Amino acid sequence: MKICGRPFYSIAMHPIAGGLIYVACCPSWLKYPYDKYRFRVKETNKGIDFEEVWNSNELLEFRKSILDGSYRYCDKKACPNLVSEKLMDIPEKATQNIQENNPRLNYFPIQIAANIDHACNLQCPSCRSVPDTCADPKTYQRFIDILKSGAEDIFFNASGELFFNPYLLRIMKSFSSKDYPSVKIFRIITNGTLLNKTLWYSLSDDFKSLLKEINISVDTFSEKTYSVIRPGGSFTNLQKNLKNISDLRRSGEIVNFRLLFVLQKNNFRELVDIVKGSLDLNPDGIEIRAVANWGSYSDTFFKENIRLPSDFQSICSGDILEVKKLINTSGVPLLSDIL
Ligand code: SF4
Ligand code: SF4
């Protein structure tokens, strides 16, 4: 039986009212609702207790579902690893646990998906129904706790916009490897609207040298569609920033640059343009996912206004074929749960 290694090295954190929840994997790849396998810890002034989180009953239950091969909390249609049948590698440290069928781990997370604040300069209908531009001051200490946790690989901040968050910016500008020697890799996800040259060169050299992956969620290359699905963002600035980032990648200052798209009712007809526009920027990878309801909307509203049509695959069969040809010719990897 093949085992997915991810819950044995990684944890995802997400902000909810008054605190953080911890999930064993990306919530958009898991079955809804998450109650059985997400853990909420009360934050105290002692900081995040990773021991309490990592071997909580909820995370143990999740790991059991992997060890027994049922994958009962994983969404087999949404998890790209299950769709492509390429499960994540098992870390060496977990070998004994897996042989002994033991979900309790005696080491801390190696990778943390640190989604720790919702504040964002945009208000995309796919993500939120009300604006949230006020960063939580707790973000600073949360991030310091994560840097000190011993994790080697830190991926942030899919819950909001990290370059809009003054607390995260402060850390990214002053980060020194001497203070956090265990951190070996940063990976980020940003909407790209604020990542101009001035901002890039204001980040600390240590932060930039550990930044091994920049994911930019773009969603569309059409200015008209952008104003609908990414309200609050400047399409012109984003285009300039994408060009700069692509140039930095060419010059080797950035090592891995990926473009992300959430396919939804208002952009699915642009599928071919999305892939062509992406390939023009020479990314290292493209990711196209179907929009998911994160609880911001009622099911009815979501189905009527945001979700992809249920017959998307047949409506777009020609476009999907064209996209596959473009991708095959380019050699750029495409990760997708729907193509
Ligand atoms: S199979 Fe997919 S959803 Fe399940 S734990 Fe692994 S990566 Fe996560
Ligand atoms: S840019 Fe990202 S975090 Fe911000 S509102 Fe849009 S989808 Fe949400």
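Helix α10 is the biggest contributor to the lining of the second largest cavity, giving 3 residues. This cavity, in what is a predicted model, holds about 40 Å³ of space. Around it sit L195, N196, K197, W200, I214, N244, I245, L248 and I254. Two elements, α7 (197-202) and α10 (235-250), give two or more residues each to this wall. Sorted by class, the lining comes out as 6 nonpolar, 2 polar and 1 charged residues.

Counting cavities of 30 Å³ or more gives 2 for the structure. The largest has a volume of about 100 Å³, and this is the space taken by ligand 1. Its lining runs to 14 residues, and C4, C25, C74, C79 and L82 are the ones nearest the centre. Here α2 and α3 each put in at least two residues. The wall of this largest cavity is made up of 12 nonpolar residues, 1 polar and 1 charged.

Turning to the ligands themselves, the shell around ligand 1 consists of C4, R6, P7, C25, W29, L30, F62, Y71, C74, C79, N81 and L82. By class, that shell splits into 10 nonpolar residues, 1 polar and 1 charged. The five residues nearest the centre of the largest cavity, C4, C25, C74, C79 and L82, thus turn up again in the ligand 1 shell. Ligand 2 has its own set of neighbours: C120, L122, C124, C127, R128, G160, N191 and R230. Its shell divides into 4 nonpolar, 2 polar and 2 charged residues.

Then there are the charged pairs. Side chains of opposite charge can pair when their charged atoms come close, and the structure holds 12 salt bridges. One of them joins the side chains of E61 and R72, with N to O at 3.3 Å. Since E61 belongs to helix α2 (residues 57-67) and R72 to the loop between α2 and α3 (80-83), the pair ties together parts that are 11 residues apart in sequence. Both partners are partly exposed: E61 has a relative accessible area of 22%, and R72 one of 31%.

R72 has a further partner in D68, and the closest N and O atoms of that salt bridge are 2.6 Å apart. D68 is also partly exposed, at 44% relative accessibility. Taken together, E61, D68 and R72 are linked in a network of salt bridges.

Another salt bridge is found between the side chains of R187 and D153, at 3.1 Å from N to O. This one connects distant parts of the chain, with R187 in strand β6 (residues 185-190) and D153 in strand β5 (residues 153-156), 34 residues apart. Both R187 and D153 are buried, whereas E61, R72 and D68 are partly exposed.

Conventions: Residues numbered from 1 in each chain as written. Chains lettered and ligands numbered in written order. Predicted model: local features only at pLDDT ≥ 70, side-chain atom pairs only at ≥ 80, totals over all residues. Heavy atoms only, no water. Near = heavy atom within 4 Å. 1 Å grid on protein atoms, 1.4 Å probe; cavity = no way out; pocket = protein on both sides within 12 Å on 5 of 7 lines; lining within 4 Å. Sits in = over half its atoms within 2 Å of the grid points. Nonpolar A, V, L, I, M, F, W, Y, C, P; charged D, E, K, R; others polar. Salt bridge = Lys/Arg side-chain N within 4 Å of Asp/Glu carboxyl O. Helix = DSSP H or I, 4+ residues; strand = E, 2+ residues; numbered from the N terminus. Buried < 20%, exposed > 50% of the residue type's maximum accessible area, 1.4 Å probe, protein only. Points joined across faces, edges and corners; volume = space filled by probe spheres on them.
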